[in-house]
Amino acid sequence: MPELPEVETVRRGLEPVLTGARLTQVRQNRPDLRFPFPERFVERLEGAVVERIDRRAKYLLMPLSTGETWVSHLGMTGRFTLDGEQLGEFEESAPIAGKHEHVSLCAVRGGTTTRVGFADARRFGFMGLIPTADVETHPWFAALGPEPLGNGFSAAHLAEAFAGKKQNIKVSLLDQRIVAGLGNIYVCEALYRARISPLTAAGKVSKPRLETLAAVVRDVLNEAILAGGSTLRDFANADGGQGYFQHRFDVYGREGQPCLAEGCPGVVKRTVQAGRSTFWCPGCQKR
């Protein structure tokens, strides 16, 4: 599933085309994706102006001039296209046209018309229309923790959320109620850089180490966004370019390979936690 940097990369690619654009010629080609489309979806989008494009966790949010917000989630294989060109490249090809394109529209902005499509071969993505005033209290968003790149994310927040927690820190960081948008890849990378074992109980991590972790989480995400995200499996970014952060992974996907830390003789190990693969170095990442 695309993670926060990938969704942010798509947001930035859509922004210059959709911000301030009027939506016309809206088409919906099937009744549902992961969930049914909202009632009168086409009618409610047709003629609306996109005021801006935001991101909350792994959701794209587009407040409209109608007082509603158009919400999109990419799921596993969801992708937007501009004038028929997919927004980014995928390491594994997947069809983006024909029966797999489920929504299309034209965005008219400053005398320029751009055709925008949304395709999702596996249909794990979904879309919604929510009154803008109700977004924060909607079930999709009400329980989300702070954004890891926002002011609400800090060592103090983590210390409060982890207090007395016996669950390991890896799984705890994936809890969207604690931090919104963090996914498996970047949690592995952040814990490695912070030299914290993924097996450590969250409540046992000291405040100084949480200070390091909070800073490292920001660094890893910002680096991934600048690099265009991590193009793994079906992810595509927003301007036709491939994401290159996967070529910078220090630990993710490197099972059995030597640790990259200077002077560390360790070998990267893979452990399964809560059904997800954790990559880490027992030599560097101490409890």
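**Cysteines, helix α6 and aromatic pairs in a predicted model**

Cys259 is buried, with a relative accessible area of 8%. The model discussed here is a predicted one. Cys259 takes part in no disulfide. The nearest cysteine sulfur belongs to Cys284 and is 3.4 Å away. A disulfide requires sulfur atoms within 2.5 Å. The structure as a whole has zero disulfides by this rule. Cys106 also counts as buried, at 11% relative accessibility.

The protein has six helices and eleven strands. Of its 287 residues, 55% are buried. The accessible surface comes to about 12,700 Å². Carbon and sulfur atoms account for 48% of that surface. Contacts between residues at least 6 apart in sequence were also examined. Of these, 66% join residues at least 24 apart.

Helix α6 covers residues 207-226. At 1.5 Å a residue, its 20 residues should span 28 Å. The C-alpha atoms at its ends are 29 Å apart, which agrees with the expected span. The buried residues of α6 include four leucine and isoleucine positions named here: Leu210, Leu213, Leu221 and Ile225. Val216, Val217 and Val220 are buried in α6 as well. Ala214 and Ala224 complete the list of buried residues in this helix. The buried residues of α6 pack against helices α1 (4-18), α3 (155-162), α4 (169-173) and α5 (184-194).

Aromatic rings were considered next. A pair of rings is described by the distance of the centres and the angle of the planes. The whole structure contains ten aromatic pairs. Tyr59 and Trp140 form one of them, and this pair is stacked. Their ring centres lie 6.0 Å apart, with 20° between the planes. Tyr59 belongs to strand β3, whereas Trp140 sits in the loop between β9 (126-131) and α3. The pair therefore ties together parts that are 81 residues apart in sequence. Tyr59 counts as buried at 12% relative accessibility. Trp140 is partly exposed, with a relative accessible area of 24%.

Tyr252 and Phe279 form an edge-to-face pair. The centres are 5.0 Å apart and the planes meet at 65°. This pair links distant parts of the chain, 27 residues apart. Tyr252 lies in the loop between α6 and β10 (269-273), and Phe279 lies in strand β11 (residues 276-280). Tyr252 is partly exposed, with a relative accessible area of 21%. Phe279 counts as buried at 9% relative accessibility.

Ring pairs also build a cluster. Its members are Phe35, Tyr59, Phe126, Trp140 and Phe141. The stacked residues Tyr59 and Trp140 thus appear again in this cluster. A charge meets a ring elsewhere: the charged end of Arg195 sits over the ring of Tyr192, 4.5 Å from its centre.

Backbone angles single out two further residues. Phi of Arg40 is near 55°, a positive value in a residue other than glycine. Arg40 lies in the loop between β1 (22-28) and α2 (41-45). Phi of Ala57 is likewise near 55° and positive, again in a residue other than glycine. Ala57 occupies the loop between β2 (54-56) and β3 (59-63). Ala57 is buried, with a relative accessible area of 2%.

Technical notes: Residues are numbered from 1 along each chain as its sequence is written. This is a predicted model: local features need pLDDT of at least 70, side-chain atom pairs count only at pLDDT 80 or more; totals for chains, interfaces and linings use all residues. Side-chain values use heavy atoms; hydrogens and water are left out. Helices (H or I, at least four residues) and strands (E, at least two) are DSSP runs, numbered from the N terminus. Buried means under 20% relative accessible area, exposed over 50%, partly exposed in between (1.4 Å probe, protein chains only). The expected span of a helix is 1.5 Å times one less than its number of residues. Contact means heavy atoms within 4.5 Å. Rings of Phe, Tyr and Trp (its six-membered ring) pair if their centres lie within 6.5 Å; planes under 30 degrees apart count as stacked, over 60 as edge-to-face and the rest as tilted. A charge sits over a ring if NZ of Lys or CZ of Arg is within 6 Å of the ring centre and within 35 degrees of the ring normal. Accessible areas come from the Shrake-Rupley method with a 1.4 Å probe; for residues, only the protein chains shown count as cover.
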